[in-house]
Amino acid sequence: MLPYRLVYHERYDLHLGEHVFPAKKYRWLKDRLLRSRFAVPEDFVEPEPASDDDVRLVHDPEYVAKLRSGTLTYQDILRLEIPYSRQMVEAFWLAAGGSILAARLAMESGIGFNIGGGFHHAFPGHGEGFCAINDIAIAVRRLQADGRIRRAMIVDCDVHHGNGTATVFANDPSVFTLSIHQFNNYPSEKPISSLDIHLADGTADAEYLHRLGNGYRAALSMFHPELVLYVAGADPYLEDQLGGLSLTFEGLIERDRLVIRTALTQGIPVAIVLAGGYAQSVEDTITIHANTAEVAKDVLEKVRVSGWRA
Ligand SMILES: [Zn+2]
């Protein structure tokens, strides 16, 4: 068995039909991890959906009620850029429950891996860019409310800026938000994160890793979080349809290793969520996410921290 659990639910699928967001990637990734014998069925755990109270730790009650009752306006749905359905809402609540569970599991065993989540474009009062509710922020707030952590760091490596997450934690000194992203890309307005690393179009492996390493290490040395939430977007990949950076598979593996190893060697657990990935070939997106799971295993097995049970 793996030294950490993979959090997954069959109903993570957002039911988007033909859409640039490959919502079936969650199932395909699970299948790939089993087929390659990286994982066995017992490695997977199923989350409960987040409760409405969990979701309201981050989101306005009026917005939560609109999502629950199917009374979003036409404007709301346009901004969300995905079709409304009950299954879609259920999938987001499950993804948030999955990120909460992954964060709890990380606190116990060093790594928690949600095969879903990473919806960093959701704001307290509205959703946008395929993100209805912000599972990352909900997980942080839930663990804080439970007294499991005080300080968290969000390391957002999706190619798009983490605008919703930056807004949620804008005036909160207990949460450090780091976003490394392509500057000339959605969202056009980029609310200030604790640390924003703006990258030029076409930035490739070496510069990406250099800029991320410098920013991340400096942030860790001054902030000392009790948990890192790693938003492991697959869309900095050079063949991504919605991204304009030029990272290779190998560069993305080095990125994963950098984020995960730097935290674990300092005794800081890491909860991983997937976020975006729109490669020409969905198989490439699955490969990038599968590689992240492999790096997490490799690093966790090498970094033995007392108190974390394997
Ligand atoms: Zn993205």
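Let me begin with the second largest cavity, which is lined by Tyr63, Leu72, Asp76, Arg79, Leu80, His126 and Gly127. By cavity I mean, on a 1 Å grid over the protein atoms alone, a set of points where a 1.4 Å probe fits but cannot get out, while a pocket is an open set with protein on both sides within 12 Å along at least five of seven lines, and lining residues have an atom within 4 Å of a point. Please keep in mind that this is a predicted model, in which local features need pLDDT of at least 70 and side-chain atom pairs count only at pLDDT 80 or more, whereas totals for chains, interfaces and linings use all residues. Residues are numbered from 1 along each chain as its sequence is written, and side-chain values use heavy atoms, with hydrogens and water left out.

The volume of this second largest cavity is about 40 Å³, where a volume is the space filled by probe spheres set on the grid points, which are joined across faces, edges and corners. Helix 4, residues 74-80, gives the most to its lining, with 3 residues; helices here are DSSP runs of H or I with at least four residues, strands are runs of E with at least two, and both are numbered from the N terminus. The lining divides into 3 nonpolar, 2 polar and 2 charged residues, counting Ala, Val, Leu, Ile, Met, Phe, Trp, Tyr, Cys and Pro as nonpolar, Asp, Glu, Lys and Arg as charged, and the others, Gly among them, as polar.

The search of the whole structure finds 2 cavities of 30 Å³ or more, and the largest holds about 50 Å³ of space. Its lining consists of Ile154, Asp156, Gly162, Thr165, Thr177, Leu178, Ser179 and Ser193, and strand 5 gives the most to that lining, with 3 residues. By class, the lining of the largest cavity has 2 nonpolar, 5 polar and 1 charged.

Turning to the open spaces, the largest pocket has a volume of about 230 Å³, and of the 18 residues lining it, Gly17, His19, Phe21, Pro22 and Ala23 are the closest to its centre. The second largest pocket contains about 190 Å³, and among its 18 lining residues, His121, Gly129, Phe130, His160 and Tyr278 lie nearest the centre.

His160 brings us to the metal: which protein atoms are the donors of the zinc ion? They are Asp158 (OD), listed twice, His160 (ND1) and Asp235 (OD), lying 1.9 to 2.8 Å from the ion; donors are N, O and S atoms within 2.8 Å of the metal, or 3.2 Å for Na, K and Ca, and because water is not among the atoms, sites may look incomplete. Along the chain the spacing is D-x1-H-x74-D. The pair His160 and Asp235 links distant parts of the chain, 75 residues apart, with His160 in the loop between strand 4 (152-156) and helix 7 (163-168) and Asp235 in the loop between strand 7 (227-231) and helix 9 (249-264). Both His160 and Asp235 are buried, meaning under 20% relative accessible area, where exposed is over 50% and partly exposed lies in between, with a 1.4 Å probe and protein chains only.

Why is the arrangement around the zinc ion irregular? It is irregular because the 4 donor atoms subtend angles of 53 to 152°, whereas four donors count as tetrahedral if all angles lie between 85 and 135 degrees, and four count as square planar and six as octahedral if opposite donors are over 155 degrees apart and all others between 65 and 115.
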